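Got your viewer open and a selection tool ready? Let's walk through this model together, one pick at a time.

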Amino acid sequence: FDKPIKNILKTPKNRIMNLVIVESPAKAKTINKYLGKDYIVLASYGHVRDLPSKNGSVDPENNFKMEWELDSFSKKYVKEITDAAADSERIILATDPDREGEAIAWHVKEILEGKKLLKGKKVERVVFNEITKKAVTNGINNPRKIESLLVNAYMARRALDYLVGFNISPILWTKLPGSKSAGRVQSVALRLTTEREHEIELFKPEEFWTISGDFLDHENKFINSKLSIYNGKKIEKFSFKKKIETEKVLKEIKNQSYNIADVSSKIYRRNPLAPFTTSTLQQTSSGKFGFGASRTMQIAQRLYQGVEIEGETVGLITYMRTDGTQISKEAILDFRNFINDEHGKEYLPESPNSYAGKKAKNAQEAHEAIRPTDIKRKPSEIKKYLSTDQSKLYELIWNRAVSSQMNPAEFDRKSITIESDNKKINFKANGSTIKFEGYLKVYKFEEKDDEDLKNILPEVKVGDKVSIKELIDDQHFTDPPPRYSEASLVKKMEELGIGRPSTYASIISVLSTRNYVELLNKRFHPTDRGKLLSAFLEKLFTKYVDYNFTAELENQLDEITSGKIDWVKVLEGFWKDFYSNVGQVKEKRTREVLDLLNESL
């Protein structure tokens, strides 16, 4: 694979050459091994063309016609592809199975067409959801045409981002020196962080107190409980606002005798979580390992593209950009057999668990959730072939996927009510014990998520006398809303319908690289420049940093992929109002803009 391209192309004239084009060299290397000597696999190294950042790259007057430019980095790789295409009978475009991948396939085809290299040749589009021999062979044997609706959605998104960036950025340079640029979705994500900062600045903490009691039963065993009723009234969060109030209550509590008024026990079940989507993987790996969204995606990309295992390059997980929580029937069957063999039939549900989450409207929905390509490759056995970070992420994906097809965990939840003899004071103690591990055998949750599991309660009967060992009154203050972490920002963007799996990581990294936010203790703090830019956009381009407007635009872009709406219509609808807004802002004097910002800040 590493031989110079000229040597590879010296093939006998009578041999039909199949040229396969993928996005990355790692993927090319893996696929090349699967396909053998009749195929040559080359990488495009990502996008090969883009809109040059100059005036007129998108022409709103001419049906939003776009002028594409080959970037300097890609020239060398495009030359390799065109040289190989000249000698090939069949050209297979095997870029990633999403909108971006479809766009790269379309760009490559356009370049080859422009050089008149496609005459009399077969041009096919194939996709692999995982890089395994079976999936690659299956993909090659089931080609299709380039999906024009996916390409149209890409065109609309690219044109929108260009029109926003190219029209707002020059205004920023004149009216707000020091601001580099404003992106369509980044600006909305920035607004989330600045609004949260504002909430924190305005926040006034409120004091409140809680009372808990340690009681001893007749065998001197602890019962840790919380005051739940006082003077016949249920205790709320702000029942006690000052120390003086709790002191009075503590005196009253001490003057009473207590017994067990109620003991109840019930079984509750906790269902396994769905296998990972892009956003849940980013959130969980951030919480468990402190990985940022970009780092998670880079590690996942390596696991997807292939890792060297005993001389064979193997793709370990399915495609990592997905909204879907479903898993293929074959994989589910493999999972079920594995669970049955490894853990026994009591861990296996009668029928497969299905996770019909919110129905994603875009074409990414067709993808499976992120799962191991072969469940028999246990994390413990694969560990030696992976870096530490790869091993952590693979184990997380493997555990979550297997556990998603297991039985729920069962807990025995016990509740004890301690009552005063005058019936006016109640303490409640709750504790849980795991009755059946179920999916927790494979996918452990953090114990800190479940306080009840730490509170083991003794065996007591109704009517038993108990005595007070200790009463504790604790002071608390309400907390301001937390600043966003990478995980919570991704979650919020997903909730609002802003951005898509393939864009979360890049949106976040742009905010940092442009110095609009800084990450301190894993939390986003907007910089002064970020606050200024956000205030500027909110005052002067209000509609375009509106959450609902941005989410609606994302929906329209998704509807292009399903053919419900024409991409040029979406752009026309956006451009008319936006162009008029740009014109109005350009006419404002800098003094007027500064006054608006002062008022806002």
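Below is a tour that goes from the whole chain to single residues.

**Stop 1: the whole chain.** Keep in mind as you look around that this is a predicted model. Show the C-alpha trace first: its atoms fill a box of roughly 100 × 70 × 40 Å along the principal axes. Switch to a cartoon and you will find 19 helices and 19 strands. Colour by accessibility next; of the 601 residues, 51% count as buried. If you like contact maps, take the contacts between residues at least 6 apart in sequence: 76% of them join residues at least 24 apart.

**Stop 2: the nonpolar cores.** Select Phe 536, Phe 541 and Phe 578, the residues with the most contacts inside the largest nonpolar core, which has 62 residues. Which helix gives this core its largest share? Helix H6 does, with 13 residues. Now centre on Phe 541 and show its surroundings. Beyond its neighbours within four places in sequence, Phe 541 touches Ile 168, Ile 171, Phe 536, Phe 578, Asn 581, Val 582 and Val 585. For a second, separate core, of 61 residues, pick some of its members, including Ile 140, Ile 327, Ile 382 and Tyr 394. As background, nonpolar side chains tend to be buried together in soluble globular proteins.

**Stop 3: helix H17.** Select residues 547–561. These 15 residues form H17, which reaches 22 Å from first C-alpha to last, close to the 21 Å expected at 1.5 Å a residue. Zoom in on the start of the helix: a side-chain oxygen of Asp 546 comes to within 3.1 Å of the backbone nitrogen of Asn 548. Past the other end, click on Gly 563, which follows H17 and has a positive phi, near 75°.

Then look at which side chains of H17 are tucked away. The buried ones are Tyr 547, Thr 550, Ala 551, Leu 553, Glu 554, Asn 555, Leu 557, Asp 558, Ile 560 and Thr 561. What covers these buried residues? Display H6 (148–175), H7 (184–202), H14 (486–496) and H18 (567–587), which are among the elements that do so.

**Stop 4: H7 against H16.** Keep H7 on screen and add H16, residues 528–540. Their axes lie 9 Å apart and make an angle of about 110°, so the two helices count as roughly perpendicular. To see the contact itself, show sticks for Ser 187, Leu 190, Arg 191, Thr 194, Glu 195, Glu 197 and Glu 201 on the H7 side, and for Gly 530, Lys 531, Leu 533, Ser 534, Leu 537 and Glu 538 on the H16 side.

**Stop 5: two residues with positive phi.** Most residues other than glycine have a negative phi. Glu 310 has a positive one, near 45°. You will find Glu 310 in the loop between strands S13 (307–309) and S14 (312–314); with a relative accessible area of 69%, it is exposed. Next, jump to Lys 522, also not a glycine, where phi is positive at about 65°. Lys 522 sits in the loop between S18 (517–520) and S19 (523–526). Is Lys 522 buried or exposed? Its relative accessibility is 57%, so it counts as exposed.

**Last stop: Lys 569.** Select Lys 569 in helix H18. Its relative accessibility of 56% is why Lys 569 counts as exposed. Finish by drawing a C-alpha to C-alpha distance from Lys 569 to Lys 423: the two are 146 residues apart in sequence and 71 Å apart in space.

Terms used:
Residues are numbered from 1 along each chain as its sequence is written. This is a predicted model: local features need pLDDT of at least 70, side-chain atom pairs count only at pLDDT 80 or more; totals for chains, interfaces and linings use all residues. Side-chain values use heavy atoms; hydrogens and water are left out. Helices (H or I, at least four residues) and strands (E, at least two) are DSSP runs, numbered from the N terminus. The expected span of a helix is 1.5 Å times one less than its number of residues. Buried means under 20% relative accessible area, exposed over 50%, partly exposed in between (1.4 Å probe, protein chains only). Contact means heavy atoms within 4.5 Å. A polar contact is a pair of N or O atoms within 3.5 Å; within protein, one must be able to donate a hydrogen and the other to accept it, and residues adjacent in sequence count only if both atoms are side-chain atoms. A nonpolar core is a set of buried Ala, Val, Leu, Ile, Met, Phe, Trp, Tyr and Cys residues joined through side-chain atoms within 4.5 Å. Axes are lines fitted to C-alpha atoms, for helices over the stretch in contact, and angles run from 0 to 180 degrees between N-to-C directions. Angles under 35 degrees count as roughly parallel, over 145 as roughly antiparallel, 65 to 115 as roughly perpendicular and the rest as oblique.
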